[in-house]
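Subject: Structure for your review

Dear colleague,

Please find below the sequence and structure that I am handing over to you. I would be grateful if you could read the notes beneath with the structure open.

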Amino acid sequence: MKKENAFCEHTNRYYNNDQFPKKCTTCLCQFEDRSSFLASTSKLMKGSYSIGPQSSVLEYRNCKCGSTLTLKMFDERKYDEKSNKQREFFRQRIPKLIKKGYQESEAKDIVMKEWNELSDKEAA
Ligand SMILES: [Zn+2]
């Protein structure tokens, strides 16, 4: 089946549509797509979103049975080639600098500078 991404108007994020049909593991009720998921579940009192790993957002909804269901939505930057490259660059460079004895915040600053220099070169 083709993997499709759809836009979430609440968070301005794309979410991964291949999570549907989604099933509640407690009451086994099944959601065919996100609109039926939203229609059959309710918001959490304390807020329904949190930032997940790798620029993703987790959407929490309460099932009718009381269980909390999670939908993982990816940031649209995930599909942008330049951002992918940048994240990969950071992912590789930062641990190397930390190994050399830099603090994480210092390492991030250094890698950001390196990245900007690289981007300038590519643009020139
Ligand atoms: Zn349920």
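The notes that follow go from the overall fold to one strand and then to the core.

Please bear in mind that this is a predicted model. The protein contains eight strands and three helices, and their order along the sequence is β-β-β-β-α-β-β-β-β-α-α. Of its 124 residues, 10% are buried. When contacts between residues at least 6 apart in sequence are considered, 32% of them link residues at least 24 apart.

Strand E2 (residues 13-16) merits attention. Strand E1 (residues 5-8) runs antiparallel to E2 and is joined to E2 by four bridges; in this pairing, cysteine 8 has arginine 13 as its bridge partner. E2 is also joined to strand E8 (residues 68-74), again antiparallel, by two bridges, and here tyrosine 15 is partnered with methionine 73.

The side chains of E2 alternate: Arg13 and Tyr15 are buried and point to one face, whereas Tyr14 and Asn16 point to the other face and are not buried. In general, side chains of a regular strand alternate between the two faces of the sheet.

Tyr15 also belongs to the largest nonpolar core, together with Cys24, Val57, Leu69, Leu71 and Met73. E8 is the largest contributor to this core, with three residues. Nonpolar side chains tend to be buried together in soluble globular proteins. Beyond its neighbours within four places in sequence, leucine 69 is in contact with Cys24, Thr41, Arg61 and Cys63.

With kind regards

How values were computed:
Residues numbered from 1 in each chain as written. Predicted model: local features only at pLDDT ≥ 70, side-chain atom pairs only at ≥ 80, totals over all residues. Buried ≥ 20, exposed ≤ 12 C-beta atoms within 10 Å, placed from the backbone. Pairing = 2+ DSSP bridges. Core = buried A, V, L, I, M, F, W, Y, C linked by C-beta atoms within 7 Å. Contact = placed C-beta atoms within 7 Å.
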